[in-house]
Amino acid sequence: MTKYHLVKGTRDLLPPETAIWSAVEETAKSVFGLYGYQEIRTPILEHTELFVRTVGESTDIVGKEMYTFDDPKERSLTLRPENTAPVARAFLEAGLHAGPLPVKLYYIGPQFRREKPQKGRYRQFHQIGAELLGAASAYADGELLLMLNRFLRELGFSELEVLLNTVGDAASRAAYSTALREFLAPHTESLSADSRRRLDVNPLRILDTKNPLERELLKGSPALKDYLTEGARAHFATVREVLDRFGVRYRVSEQLVRGLDYYTDTVFEIVSKDLGAQDALVGGGRYDQLVSDLGGPRVPSLGFAIGEDRLIDVLPAAFRVKAAPEAPTLVAARDETIALDTLVQAERHRDQGLAADLAIGLSKKAVIKRSVRARQGVTAVGYPPEEFVVKDAKTGAELRLSLGEYVNWLVKGGKDTDEG
Ligand code: AMP
């Protein structure tokens, strides 16, 4: 045993599980490609202010979960806790806002948050996300959700439902924030320190509270939907129209405000009842002000992030089976003297695009044991030409097989107690 261990909240991903991860990622790439998205890879390290400015000081992420440290020569640096702000930064930095819009980008990679580790919640976790920059139309929101829906269908999910809401445009939010502040003003004493802070910075975040007393208090609070402007209402209606037209299952959830400060208008989440306490699988929405908050022009945008770890936790079994790689053929040599010949045979398999494992010096018994366990075919080189005699289960006829044929017969379900 080693005395070196994983950092708390991180995981090693090992084969064969990594093959499932790759297959999920390949599926994402191909589905997103159908909608014209291309991959972006941004650094894992960013300047801390990027997240403070965009994700928001009132959020748990910025308030307590970021891995932040001082680099002797740089300003404060942070391991990215999410990837929308980095993508928006990269978009501006590369001057893509000056080119043809929209720009369609997707990313796949690790994110870091110092949360309390538990099932489905890690400190290094992985997201598959897409960002559509420079699209104001509500049909863009609808199309993004169609893409997400198509991806999940490709993986074999059929039960999932989108939770949908609107947090309104800037004007709706300003009006609602004022109303919420007025409503909560007589109750500030009974609010938690977190909520009191949010009352100043972003009162909408208080709606996210898990505190039972605050939940009770909020029952009588003004409703965001009563403060939506005409434009925000129309936008939301169009998004719903698209989902209805394509039969995407969704439910409007007025409680849904999403944890990050930068959202405007459409917000959505997908939860899975198979995930337990950490049930959020996907989160996303529109962020019309993020790019201008970073000092750029106004570029209405939207996107989503899928939690890949959780996605794979609840992945339908049929996709797993399809994604599992076939075992390579075992090219087995009786001993070293014919090793070169055997290597030639193994390379011949690979020339034809077939996977092969080379094994030198295995006994007949070892070849059988190993290949039956791995359910792999065998090409046996240099073993004595003895034949294995077996009975065909259907016809009862006697079959005389070579070592390779015998193993293949066993792998296909033949039963024999005689292991040579
Ligand atoms: P968020 O950026 O918080 O909206 O997260 C988007 C998705 O990432 C969530 O719906 C989760 O599936 C996933 N996610 C967020 N935090 C974690 C975490 N600590 N561990 C695993 N998955 C996470």
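The following exercises with solutions concern helix packing and a small set of paired strands in a predicted model.

**Exercise 1.** Determine how helix α5 and helix α9 are placed against each other, and which residues meet.

*Solution.*
Step 1. Locate the helices: α5 covers residues 138-154, and α9 covers residues 230-245.
Step 2. Compare the axes, which come within 8 Å and cross at roughly 35 degrees. The crossing of α5 past α9 is right-handed.
Step 3. List the residues in contact, taking heavy atoms within 4.5 Å as the cut-off. From α5 come Ala138, Tyr139, Asp141, Gly142, Leu145 and Leu146; they meet His235, Thr238, Val239, Glu241, Val242 and Leu243 of α9.
Step 4. Sort these residues by character: 7 are nonpolar, 3 are polar and 2 are charged.

**Exercise 2.** Establish the strand order of the open sheet that contains β12, and state which strands lie at its edges.

*Solution.*
Step 1. Recall that strands of a sheet pair through backbone hydrogen bonds, either parallel or antiparallel.
Step 2. Read the order of the 3 strands, β13-β12-β14, with parallel pairing.
Step 3. Identify the edges: β13 (356-360) and β14 (378-381) each pair on one side only.
Step 4. Note the turn between neighbouring strands, 15 degrees on average with direction ignored.

**Exercise 3.** Describe the pairing of β12 with β14, and the helix that packs on the sheet.

*Solution.*
Step 1. Strand β12 (residues 329-333) pairs with β14 in the parallel sense over 4 bridges.
Step 2. Within this pairing, valine 331 has threonine 379 in β14 as its bridge partner.
Step 3. Helix α14 (residues 364-374) packs on the sheet and touches β12, β13 and β14. The direction of α14 makes about 170 degrees with that of β12.

Conventions:
Residues are numbered from 1 along each chain as its sequence is written. This is a predicted model: local features need pLDDT of at least 70, side-chain atom pairs count only at pLDDT 80 or more; totals for chains, interfaces and linings use all residues. Side-chain values use heavy atoms; hydrogens and water are left out. Axes are lines fitted to C-alpha atoms, for helices over the stretch in contact, and angles run from 0 to 180 degrees between N-to-C directions. Helices (H or I, at least four residues) and strands (E, at least two) are DSSP runs, numbered from the N terminus. A crossing is left-handed if the near helix is turned anticlockwise from the far one by less than a right angle, and right-handed if clockwise. Ala, Val, Leu, Ile, Met, Phe, Trp, Tyr, Cys and Pro count as nonpolar, Asp, Glu, Lys and Arg as charged, and the others, Gly among them, as polar. Two strands pair if DSSP finds at least two bridges between them.
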